[in-house]
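Here's a look at aromatic rings and the charges that sit over them. Have the model open as you read.

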Amino acid sequence: MSNVVVLVGNPRPGSRTGAFAIALAGRLGAGEPRVIELGEIIAVSLDAEPARPTHPQPDAWDAVAAADLLVVATPSYKGTYTGLLKVFLDRYPAGALTGVRAVPVAVAGSPDHAGATAADLLRLLRELGAVATSAVGVLESQLADGAALLDRHASRLTEEFAA
């Protein structure tokens, strides 16, 4: 796959969630993925102001919709994906990602939150039309396993893609 995009929903650019997703995309796709760090392009205020772009990347939405492989990564916040990611994905109408092969990735502190967040993100991506066979739920404590963890998930996903 030549057009690989990693969409990182962590408000902190350079997060472990993003690093895991970028490494996973590298194992699944060909070439260097395009990385879209939502924490760099959307500002979120805790007051009454809505989320708004801070560093315009008008092609970010187009890049996601045109991806051959889209890896969408989020930490689990209160048992679900981040609001930042939801704000970004809500700009697409139902079916807008039809034909895009997608891998939802959730990183959480507990198994329940990892599973719930991954499942919620899988449902959201399917609602948008993405071809998403399964999700990747990872515990923060597992991130230290590095290559072994990445290899295990990449192997499973490669088999699913081939089926």
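What follows is a short tour of the ring contacts in this predicted model.

## The aromatic pairs

There are 2 aromatic pairs in the structure. Let's start with Trp-61 and Phe-88: their ring centres are 4.5 Å apart and the planes meet at 20 degrees, so this pair counts as stacked. The cut-off for stacking is planes under 30 degrees apart.

As for where the two partners come from, Trp-61 belongs to helix α3 (residues 59-66) and Phe-88 to helix α4 (residues 83-89), so the contact ties together parts that are 27 residues apart in sequence.

The other pair brings in Tyr-92. Its ring centre is 6.1 Å from that of Phe-88, and with the planes at 70 degrees the pair is edge-to-face. Edge-to-face needs planes over 60 degrees apart.

## One cluster, buried

Put the ring pairs together and you get a cluster of Trp-61, Phe-88 and Tyr-92.

How buried are Trp-61 and Phe-88? Trp-61 has a relative accessible area of 15%, while Phe-88 comes in at 0%. The cut-off for buried is under 20%, so Trp-61 makes it, and Phe-88 does too. Tyr-92 is buried as well, like its partner Phe-88.

## Charges over rings

Trp-61 has another neighbour to check out: the charged end of Arg-91 sits over its ring, 4.1 Å from the centre.

A similar arrangement involves Arg-101, which lies over the face of Phe-161 at 4.5 Å from the ring centre.

Notes: Residues are numbered from 1 along each chain as its sequence is written. This is a predicted model: local features need pLDDT of at least 70, side-chain atom pairs count only at pLDDT 80 or more; totals for chains, interfaces and linings use all residues. Side-chain values use heavy atoms; hydrogens and water are left out. Rings of Phe, Tyr and Trp (its six-membered ring) pair if their centres lie within 6.5 Å; planes under 30 degrees apart count as stacked, over 60 as edge-to-face and the rest as tilted. Helices (H or I, at least four residues) and strands (E, at least two) are DSSP runs, numbered from the N terminus. Buried means under 20% relative accessible area, exposed over 50%, partly exposed in between (1.4 Å probe, protein chains only). A charge sits over a ring if NZ of Lys or CZ of Arg is within 6 Å of the ring centre and within 35 degrees of the ring normal.
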